[in-house]
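The following exercises are to be worked with the sequence and the coordinates at hand. Each task is followed by a solution in steps.

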Amino acid sequence: MVRFKHRYLLCEVVSDDPRCRLSLDDRALCGLVRDTIARVHGTFGAAACSIGFAVRYLNAYTGVVLLRCRKDFYQLVWSALPFITHLENKGHRYPCFLNTLHVGGTIRTCQKFLIQYNRRQLLILLQNCTDEGEREAIQKSVTKSCLLDRESGEEELSDGGDEVAEAME
Amino acid sequence: MSNAKERKHAKKMRNQPTNVTLSSGFVADRGVKHHNGGGKAFQAPRLGTAPPRQTKTTHYAPPEPDVSEQLSSRVMFKKKGGWRAGPEGTSQEIPKYITASTFAQARAAEISAMLKAVTQKSSNSLVFQTLPRHMRRRAMSHNVKRLPRRLQEMAQKEAEKAVHQKKEHSKNKCHKARRCHVNRMLEFNRRQKKNIWLETHIWHAKRFHVVRQWGYCLGERPTVKSHRACYRAMTNRCLLQDLSYYCCLELKGKEEEILKALSPMCSIDTGLTFAAVHCLSGKRQGSLTLYRAHRYPHGVLGPVTFIWRPERTPGDTSASRQLWIWLHPTLKQDILEEVKAACQCTEPVTPTPCVPDPLPTPSHGQSQPALPDEKIGKKRKRKDDGEDAKPVKKFFGDGTRDPHQPRSWISAATGIVISDLTMEMNRFRLIGPLSHSILTEALKAASVHMEGEDTEKTPHLWWIETCKNPDAVSLHRRQEAIFELLGGVTSPAEIPAGTVLGLTVGDPRINLPQKRSTALPNPEKCQDNEEVRQLLLEGVPVECAHSFIWSHAVCESVTENKISDQDLNQKRSELLVPGSQLVLGPHESKIPILLIQQPGRVAGDDRRGWGSGWDVLLPKGWGMAFWIPFIYRGARAGGLKEARVHSQYKRSPYVPGDFPDCSAGVLFAEEQANDLLEKYKRRPPAKRPNYVKLGTLAPFCCPWEQLTRDWESRVQAREGSPGAFPPRGEGSDLRGDEVPCVPTPEKPRQAPDEADTPLQDARGPEGERDTECPAQAGAAGLPGQDATGSLLCVLRSRAALKQLSAWCGPSCGGRRAAQRAPGRGQRDLTPEACLPLLDRFPRALVWVSLSLLGKGSPEPRTMICVPAEEDFLQLGRDRLYCGPQEPKHSDPFKSKIRKQKEKKKVEKRQNHGPAGSEGLPVGGPAVGLPALTLGLWSGPLPDVTSHCSRALLGFVTQGDFSMAVGCGEALGFVSLTGLLDTLCRQPAAQRGLVLLRPPASPQYRFARIAIEL
């Protein structure tokens, strides 16, 4: 196939400050990574990585971020990521760092990996949980994530997907 | 473009999870807790979201608050795999620590979103395409069961969707039923109700690009690449055209009455009239230009050809005669009305007795009720089919005509009957030297019926009756002999122009050759014997012009008793020796036809007689029966484009494009301008010529009216300066009294001014209309207005044209020209000599032909310009000098367009912003302004003659590289005033040189002007 080959970096924004999540949006993150690359790799690196660079997915709740760049220069991006120490948005500066979870060739593999990863996280959480109420809540969410797996077909068929979502809760 | 890209992207990202962010207004929202519940909890996703998604989220917003009360932190699933956060993130203060439950819930939500994205296919490929190659199986797209089970469900859905998308069969019959002959005939008859089909339509539709024009479906050009081949056919072989769309008007009545009625409609000035001796006897076909009665030289109706039925009793002017006027369909409406008015024929004759053919009426009547029934129900349809099975006949003639519309009109006072014979006859045109051999090979004169043959069964009673008359038989023999002689004549150009030969021929399908071949002239026949020489000298005798095609009754019977192709082939297959000649005997149809010689190039000195040929008139219904034999003898079929090329190489004006003074021509020009403007607008501005910069004011239509007016005012303005030629007087008597050379006092100069000012005032609105035309072609005026009210006319007076053509040539160009001038009694070209001409035709156009001196091939709407002094100097120095260049003009509209665009943008933003209702009145006036198009002159045109560096003289209407001459050739009109002015100023040696510049080029090229008679 004739196409531009990309690399997708699945990262996790780790921050102590919960307010950091608030200011997490794609534009801010994009600028942040770009600036860092420019700082670390100079003008050449910034230019090489700016082609096809995009934030494909971002989840402020979990801090999961999917970055896209061209395959030729993804190592420049990758190597620049550890140098991110602060997230700056709207005048606020929060200390944080990016933890690269996975590097994939397609969005799909990254998504698959993310599912695995999250499941593992939930299981670890469940194992380590001591509080009874918490434990129940976690179990509920784990079953929910599996429930969807089963009922996704039904949801597709029915038009009112929102009602289904509500009913599931 | 970006819109399409966006849409494509949105479709691709449809199943992808959207970004999830917390509200950005965290700081502001901190204090106001209650407000947050109703506020948008989540920013409109920026990446990878489709617009419909956004609307969905806004729709979804209202039910949110009450839901959010129940759950403190909650994650909702969106239908399409995306998910969104509840408003909890903002409504509550950010906690200092993370609770495991929220953490887990966020993870769980993400898992589910990702799961959804992963399970659903993202691209717009089919399900089985997502499978790797080695897992694909044959016929997966048809049979769902061949897919892996996990994909079957999705494939099922996809297949259902595909079925819906597939176009449903609109026809309620199966293919086989549709192909069945009866139904096909019904369908064909239905389809030719909107636009008239010629009889050869199906044949043409398979081989030609068919266009709908003038109410007909006509072949525009062959689908094969054949421009040059058609030219060769015209010059060396034979080109065949179906001209059946030409309309025929029949006038029946006393000869003197008809002549009296028609004489005001034509002028002796333009050539021969209806009363020309040769034509009146029926020996020749005549051609002339019709005018509105008593309106010459204005009010042109168009060119026509006419044939008189050969009279039986010469010299008797009160005898009842029959006259056919053949004309182009675009001119029909006007001419019919005018002829009706001239003959005072107002009473429509009731169609029933007068409709010349009873055949189409029953088939028309039967097929019409049958068609609506078909759509109602199947049962009824079948019944109708049963009834119709026999009578459904091929539809001949005009299918669009209302059967109750009158076709003929009678006058009580003069006794003239006018009938409209449109589509009652077929007219095929054969062009080229081989047309003789094709005609003589394809057509065989009918065998004379012998006494003693069984006459009871034959339907061709009229022929038997004729054969009983020995005079008629001998006439038929003479016609046959002359027709045979034609085979020995090498070119139709040798026959006197317009010769008419009547003939009765046998069925041409009977001796159809097995294969397509080329008919070659028979060398044996080509002997230069006495008979041929006599034929060439004297033409066809008058008696031989007689044909039974003039009689409606015979035509009807011939059409009705045509033996069908199927029967003919059946009989052929029953022959004892396959492939032998089929002898039908008395059952063979006898078809009366009329052959008319078409003169080719009659004007000019070179290539005289080029493109001459024969027209064949046939009774209707016989079109295909004659067409195929002609084709099988090696004729090449041509369409409208070939007709245009033919007329261009012949240097004759083409109907209707080259008649700018008749309403059909005006209408044609408007339509063409509209088409060209549409085409122009379809290209991006950078990829199309900027006509304003090129100095082309009217690239799509020729503003004749303004051109002549501007030249008039230009010459008048120049008259003021001394040394120029004297001003024009009011009438010829005034001018005659004065000595031309003496500079005249003020008084007579004022007179024309006074005379002209009210005229121009009166012409004010019309002038505006005219100037609007090129820029805003859609806003052009009424078609009829021009013909009725304007001074514009085309110079067609032969005497004046002769004078002009003598002036056009270089006077020292050769002894021949010098000899000719005194011989014809021509005057020298002086300003004084021009005056009577200018007085008679104040705003006239002259039809000129131009041939380029060097390179270049002109295109339609090329500008004809006056060369300046320095151009002649350059040309004198360098024989190969191409010509001057037009300097670049500035584009005053560009900034305006930019401003308009900006204004629109601002308005758009305003409309998007506060309220749509406020934006509307602002947009109102802007919409009212005419939309400017980049590269076109908008608004009224300035002085067209002096806009460019060389004064504009006229425009080219047809132009191309001429394969006949080997250089660029053009035909067009120039302003008479301008032409005379130019010729007067040019040095005698270079008289008649002009410059041509195509609308999309700055290069001028030299051409020689000639007026051909």
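**Exercise 1.** Is B:Gln706 buried or exposed?

*Solution.* The model is a predicted one. Begin with the location: B:Gln706 belongs to helix α29, residues 704–719 of chain B. Next, take the accessibility: the relative accessible area of B:Gln706 is 4%, and a residue under 20% is classed as buried, so B:Gln706 is buried. Finally, look for a polar partner of the side chain: one of its polar atoms lies 3.3 Å from the backbone oxygen of B:Pro942.

**Exercise 2.** Determine the environment of B:Arg321 in chain B.

*Solution.* Step 1: B:Arg321 is placed in strand β10, which spans residues 320–327. Step 2: its relative accessibility is 4%, and B:Arg321 therefore counts as buried. Step 3: apart from neighbours within four places in sequence, the contacts of B:Arg321 include B:Leu251, B:Glu255, B:Ile258, B:Trp308 and B:Glu311. Step 4: a polar atom of the B:Arg321 side chain is 2.7 Å from the backbone oxygen of B:Leu280. Step 5: B:Glu257 is separated from B:Arg321 by 64 residues in sequence, while the C-alpha to C-alpha distance is 9.9 Å.

**Exercise 3.** In what order do the seven strands of the open sheet in chain B follow one another?

*Solution.* The order is β8-β9-β10-β7-β13-β12-β11, with antiparallel pairing. The edges are then β8 (286–291) and β11 (347–348) of chain B, each of which pairs on one side only. At the first of these edges, β8(B) pairs with β9 (residues 300–308) of chain B over six bridges, in the antiparallel sense. Within this region, B:Ser287 faces B:Thr305 of β9(B). Helix α13 of chain B, residues 255–262, lies across β7, β9 and β10 and makes an angle of about 125° with β7(B).

**Exercise 4.** Why do the buried residues of α37(B) lie on the same side of the helix?

*Solution.* First identify the buried residues in α37 (residues 869–877) of chain B: B:Asp871, B:Phe872 and B:Leu875. They span an arc of only 100° around the axis, and therefore share one side of α37(B). The face turned away from that side bears the exposed residues B:Glu869, B:Leu873, B:Gly876 and B:Arg877. The buried residues pack against β24 (993–997) and β25 (1005–1010) of chain B.

**Exercise 5.** Which residues have the most contacts inside the largest nonpolar core?

*Solution.* They are B:Leu804, B:Val846, B:Leu850, B:Leu976 and B:Leu979, in a core of 63 residues. Strand β20 (residues 844–852) of chain B supplies the largest share, seven residues. Taking B:Leu976 as an example, its contacts beyond four places in sequence include B:Leu804, B:Phe841 and B:Val846. A second, separate core has 48 residues, among them B:Leu485, B:Leu486, B:Val554 and B:Ala625.

**Exercise 6.** Examine the backbone geometry of B:His294, B:Arg651 and B:Pro656.

*Solution.* As a reference, most residues other than glycine have a negative phi, and most peptide bonds are trans. B:His294, in the loop between β8 and β9 of chain B, has a positive phi of about 60°; with 69% relative accessibility, B:His294 counts as exposed. B:Arg651 lies in the loop between α26 and α27 of chain B, has phi near 55°, and is buried at a relative accessible area of 12%. B:Pro656 is also placed in the loop between α26 and α27 of chain B, and the peptide bond from B:Val655 to B:Pro656 is cis, with omega near -5°.

Methods:
Residues are numbered from 1 along each chain as its sequence is written. Chains are lettered from A and ligands numbered from 1 in the order in which they are written. This is a predicted model: local features need pLDDT of at least 70, side-chain atom pairs count only at pLDDT 80 or more; totals for chains, interfaces and linings use all residues. Side-chain values use heavy atoms; hydrogens and water are left out. Helices (H or I, at least four residues) and strands (E, at least two) are DSSP runs, numbered from the N terminus. Buried means under 20% relative accessible area, exposed over 50%, partly exposed in between (1.4 Å probe, protein chains only). Contact means heavy atoms within 4.5 Å. A polar contact is a pair of N or O atoms within 3.5 Å; within protein, one must be able to donate a hydrogen and the other to accept it, and residues adjacent in sequence count only if both atoms are side-chain atoms. A nonpolar core is a set of buried Ala, Val, Leu, Ile, Met, Phe, Trp, Tyr and Cys residues joined through side-chain atoms within 4.5 Å. Two strands pair if DSSP finds at least two bridges between them. Axes are lines fitted to C-alpha atoms, for helices over the stretch in contact, and angles run from 0 to 180 degrees between N-to-C directions. The arc is that of the directions from the helix axis to the C-beta atoms.
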